[in-house]
Amino acid sequence: MKPVWIVDDDKSIRWVLEKTLAREKIAFQSFASATEALAQLDAGGEAPQVLVSDIRMPGQSGLELLQLFKERFPTLPVIIMTAYSDLESAVSAFQGGAFEYLPKPFDVDQALELIRRAIGESMHQSGAPNEEGLTPEILGQAPAMQEVFRAIGRLSQSSATVLITGESGSGKELVARAVHRHSPRADKPFIAINTAAIPRDLLESELFGHERGAFTGAAAQRQGRFEQAEGGTLFLDEIGDMPAELQTRLLRVLSDGHYYRVGGHSPLKTRVRIIAATHQNLEARVSQGLFREDLFHRLNVIRVRLPSLRERREDIPILARHFLHRSAQELGVEGKRFSDAALKHLCSLDFSGNVRQLENLCHWLTVMAPGQLLELADLPPELREAVPATPANDWESALANEVERLLGSDPGQVHMKLTHAFERVLINRALAHTGGRRIEAAQALGIGRNTITRKIQELGLDSSGASEDREGSSAR
């Protein structure tokens, strides 16, 4: 194993660390200055597994040494020690890429534990350089997410237009990128544009490009997103907010595959795949006259509905672990983990911001939480004090999901299908409760005898064993 390098002009500090590492049988090498350490490196010496350096020394400082080592060995864990525990030193150390900041005087056991963690990080870096490439594109074990995965698989050999629906923050662009990555166009560009984030006056030029002199400020010809995505995929996010005049132009492109740059006279042919996404109900916007019906049908060739995070609560633990790990890697710090109590509380929350909100939370905790084990008290007050969702509302969420599914798969029949299903469940359960006696079932439901009889016939429940009460028979 490579040695741990100790660089400090204080002989007593070097002696303490040397004795500690020797007792633990950890190889080490000591230097009284940054110059000595660099000379050893320049002489062909092997790079250390971990560098432990004082921040203030005669000659080159520990921060300068940190910078030089990071230039040569970007993944090398560097621990900066200092007797000057000021904010500027700590910030400078972390900005320079330090693994950890160790103020003096330090507890020997604390220093040893820190060095052990740094060694583990060093071994991890050298043993798994391509770990990032092994990270799954999208995480999810919930049935609703498995359906999304199946849809991506079915679309892998297709170039059909796709409409992705789902709440803000649920990961629609991730799904769009996955569809592109697994398609025959994977080696071509993936260009994304948020149609709601670009001013109305600029959106046409962003999409279709413009000719020189087309408008004030158009000093040169400019390619639009359609040209940039040629042969690949154009992702139109928040399509529901597209202005009406741009909807008309987009419809023409989807209809015949031709378009004009702003100020242009020669038609351009496009061979891009369109993937659109929205958090809005496009059917409702069509009925309100806010979205063109013909454009809606052009986009709604294949619809993929992305569930909200509250519909896939069982995925919260794996997503939280993933985001904590990724944040720790990005920040170059040790990964943190949730306690069982904190994780249980998170799984009970609705997360109105969906996966994006959970990701931001994990990043915030990685930066701000003091300990490695994240407890309920570490959560931001707005989440710590949030009232957990009650199971009593689960049937409403399930109903909302079914409405959303039917709006996409069977528009025009939603009310009839759900009403019949609702009435069938009501009457069947009431009849089971009363042993099949219709009058008692009607009274329990609060409807009339004739109504329940008619509903049983309409819904085809006559074979359910329902029967009239004796009182009902004698009344006839």
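Let's start at glycine 446, which sits just after helix 19 and takes a positive phi of about 80 degrees. Keep in mind as we go that this is a predicted model.

Step back from that glycine into helix 19, which covers residues 438-445. Its buried residues are Arg438, Ile439, Ala441 and Ala442. They span an arc of only 160 degrees around the axis, so they fall on the same side of helix 19. Turn to the face pointing away from that buried side and you will meet the exposed residues Gln443 and Ala444.

Now move along to helix 20, residues 449-458, which holds both arginine 454 and glutamate 458. These two are four residues apart, about one turn of the helix. An α-helix has 3.6 residues a turn, so residues three or four places apart point the same way. The side chains of arginine 454 and glutamate 458 meet in a salt bridge, at 3.4 Å from N to O. With a relative accessibility of 40%, arginine 454 is partly exposed. Salt bridges with shared partners bring Glu423, Arg454, Lys455 and Glu458 together in one network.

The whole structure contains 24 salt bridges, and two others are worth a visit. One of them joins the side chains of glutamate 334 and arginine 117, at 2.3 Å from N to O. This pair links distant parts of the chain, 217 residues apart: glutamate 334 belongs to the loop between helix 13 (316-331) and strand 13 (337-338), while arginine 117 belongs to helix 5 (residues 108-127). Glutamate 334 is partly exposed, at 29% relative accessible area, and arginine 117 is also partly exposed, at 23%. In another salt bridge, the side chains of glutamate 283 and arginine 303 meet at 2.8 Å, N to O. Because glutamate 283 lies in helix 11 (residues 282-287) and arginine 303 in strand 12 (residues 302-305), the pair ties together parts 20 residues apart in sequence. Glutamate 283 has a relative accessible area of 18%; since buried means under 20%, this residue counts as buried.

Next come the aromatic rings, with seven aromatic pairs in the whole structure. The ring centres of tryptophan 5 and phenylalanine 31 are 4.8 Å apart and the planes stand at 55 degrees, so this pair is tilted. Tryptophan 5 is in strand 1 (residues 4-7) and phenylalanine 31 in strand 2 (residues 28-31), so the pair ties together parts 26 residues apart in sequence. Tryptophan 5 is buried, with a relative accessible area of 0%, and phenylalanine 31 is buried at 6%. Phenylalanine 190 and phenylalanine 235 form a stacked pair, 6.1 Å centre to centre with 25 degrees between the planes. Here strand 7 supplies phenylalanine 190 and strand 8 (residues 233-237) supplies phenylalanine 235, 45 residues apart. Both of these phenylalanines are buried. Returning to tryptophan 5, ring pairs link Trp5, Phe31, Phe69 and Phe73 into a cluster.

Leading from helix 7 (172-181) to strand 7 (190-194) is a loop that contains serine 183. Serine 183 is buried, at 8% relative accessibility. Beyond its neighbours within four places in sequence, serine 183 is in contact with Ser156 and Arg273.

Let's finish on the surface, where Leu331, Trp364, Val367 and Met368 make a nonpolar patch of about 370 Å². Helix 15 (residues 354-368) gives the largest share of this patch, three residues. Methionine 368 lies in that helix and is exposed, with a relative accessible area of 51%.

Conventions. Residues numbered from 1 in each chain as written. Predicted model: local features only at pLDDT ≥ 70, side-chain atom pairs only at ≥ 80, totals over all residues. Heavy atoms only, no water. Patch = residues over 30% accessible without salt bridge, like charges linked within 9 Å, V, L, I, M, F, W, Y side chains within 5 Å. Areas by Shrake-Rupley, 256 points an atom, 1.4 Å probe, with all protein chains shown as cover. Salt bridge = Lys/Arg side-chain N within 4 Å of Asp/Glu carboxyl O. Buried < 20%, exposed > 50% of the residue type's maximum accessible area, 1.4 Å probe, protein only. Arc of directions from axis to C-beta. Contact = heavy atoms within 4.5 Å. Phe/Tyr/Trp six-rings, centres within 6.5 Å; stacked < 30°, edge-to-face > 60°.
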